[in-house]
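Student: Please take a close look with me at one part of this model, the pairing of its strands. I'd like to follow it from strand to strand, with the terms explained as we go.

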Amino acid sequence: MALSRIQIPPEARRGEVVEVRILIQHPMETGFRHEADGRRVPRNAIHSFVCRYNGAEVFRATLSAGIAANPMLRFFLRAGETGDLDFWWLDDDDMEGTAKARLVVT
Amino acid sequence: MNRRRFVALAVLAVPARAFGQANAHVSTTDPLVFSLTKGKNVYPGRVKLELPKIAENGHSVAMSVRVESAMTAAEHVRAVHLISEKNPVRELASFWLGPHSGRAEVASRIRLNGSQRMLAIAELSDGSFWSDAVDIEVQEAACTDGG
């Protein structure tokens, strides 16, 4: 399971647009890189990423190896109720990653 | 047509020109663009793609894309597509947004395989497409040599 770091404001007012940043530890292998002994490193990149807020999808991305290693994504969402932000992603090796953060709405 | 009528028509024609030529940034025969737009016109404007002018290397380049939109249920950005001219995988990323986004802005860090023109296409809730294109000089390419 991949490591990730999420940055959201500590609290938000209802209706406020908040910035969400997530940094995922992932090599995002392009498939064009070779080991020192000449073996090709197979492509392995996160291709799908979803963020759900209180169970409802609020952001989705399809990515490619054209996204730099340790992908960072920054996007916005409108604060409604206090609730969980659930992040989910999947790479070419079918490895799933998840992360969670709580958005406190005052 | 007399001279006076010609001048009047010419003045009327100006705003239409200022609106921007459809498909100014995109090739309508590009199969990748076609797969996204289904042949609809892609207008320049409303989208702002931000990239540095020069990148020392293409392994990690800061990218942000912003679309002018009220982001309400009636009028919002549905998707933003990022297309590279020279990368081995040209369809770099797609982001799906909606009224719950509040602001149509997405940022990430991308790999670039050499100097090229990057293209961002936004799909709006009314079904229209808008675009921005940015030239970037990459001094050391990513993807095909190492990293």
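Tutor: Let's begin with a term: two strands pair if DSSP finds at least two bridges between them. Strands are DSSP runs of E with at least two residues, helices are runs of H or I with at least four, and both are numbered from the N terminus. This is a predicted model, in which local features need pLDDT of at least 70 and side-chain atom pairs count only at pLDDT 80 or more, while totals for chains, interfaces and linings use all residues. Residues are numbered from 1 along each chain as its sequence is written, and chains are lettered from A and ligands numbered from 1 in the order in which they are written.

A good place to start is β9(B), which covers residues 129-138 of chain B. β1(B) runs parallel to β9(B), and three bridges join them. On that side, Y43(B) faces W130(B) of β9(B). β3(B), residues 54-55, also runs parallel to β9(B), with two bridges between them. Here A55(B) has V138(B) as its bridge partner in β9(B).

The antiparallel neighbour is β8(B), residues 116-124, which eight bridges connect to β9(B). Opposite I121(B) you will find S131(B) in β9(B). β8(B) and β9(B) make a hairpin with four residues between them, and in that turn G127(B) has a positive phi of about 90°. As general background, strands of a sheet pair through backbone hydrogen bonds, either parallel or antiparallel.

Now to a sheet that draws on both chains. Six strands form an open sheet with antiparallel pairing, in the order β1(A)-β2(A)-β5(A)-β7(B)-β4(B)-β2(B). At its edges are β1(A), residues 4-7, and β2(B), residues 47-50, each of which pairs on one side only. Ignoring direction, neighbouring strands in this sheet are turned by 15° against each other on average (axes are lines fitted to C-alpha atoms, for helices over the stretch in contact, and angles run from 0 to 180 degrees between N-to-C directions).

Within chain A, β2 (residues 17-24) and β5 (residues 72-78) pair antiparallel over seven bridges. One pair to look for is L23(A) with its bridge partner M72(A) in β5(A). What joins β5(A) to chain B? Two bridges do, to β7(B), residues 105-110, and these two strands run antiparallel. The bridge partner of R74(A) in β7(B) is A107(B).

The wider contact takes 23 residues from chain A and 28 from chain B; residues are in contact if their C-beta atoms, placed from the backbone, lie within 7 Å. On the chain A side, β4 and β5 are the elements that give two or more residues. β5(A) makes the largest contribution to that side, seven residues. By type, the chain A side divides into 15 nonpolar, four polar and four charged residues (Ala, Val, Leu, Ile, Met, Phe, Trp, Tyr, Cys and Pro count as nonpolar, Asp, Glu, Lys and Arg as charged, and the others, Gly among them, as polar).

Stepping back to chain A, there are seven strands and zero helices. Its C-alpha trace spans about 55 × 20 × 20 Å along the principal axes. Of its 106 residues, 29% count as buried. Among contacts in chain A with a separation of 6 or more, 57% are between residues 24 or more positions apart.

One residue of β4(A) is E57(A). E57(A) has 14 other C-beta atoms within 10 Å and so counts as partly exposed; buried needs 20 or more, exposed 12 or fewer, and partly exposed lies in between, with C-beta atoms placed from the backbone. Leaving aside residues up to four places away in sequence, E57(A) touches V50(A) and R52(A). E57(A) and F87(A) are 30 residues apart in sequence, with their C-alpha atoms 9.8 Å apart.

Finally, two loop residues. N54(A) sits in the loop between β3 (46-53) and β4 (56-63) of chain A, and its phi is positive, near 50°, in a residue other than glycine. N54(A) is partly exposed, with 13 other C-beta atoms within 10 Å. K38(B), in the loop between α2 (31-37) and β1 (42-44) of chain B, has a positive phi of about 55° although it is not a glycine. K38(B) is exposed, with 9 other C-beta atoms within 10 Å.

Terms used. Contact = placed C-beta atoms within 7 Å.
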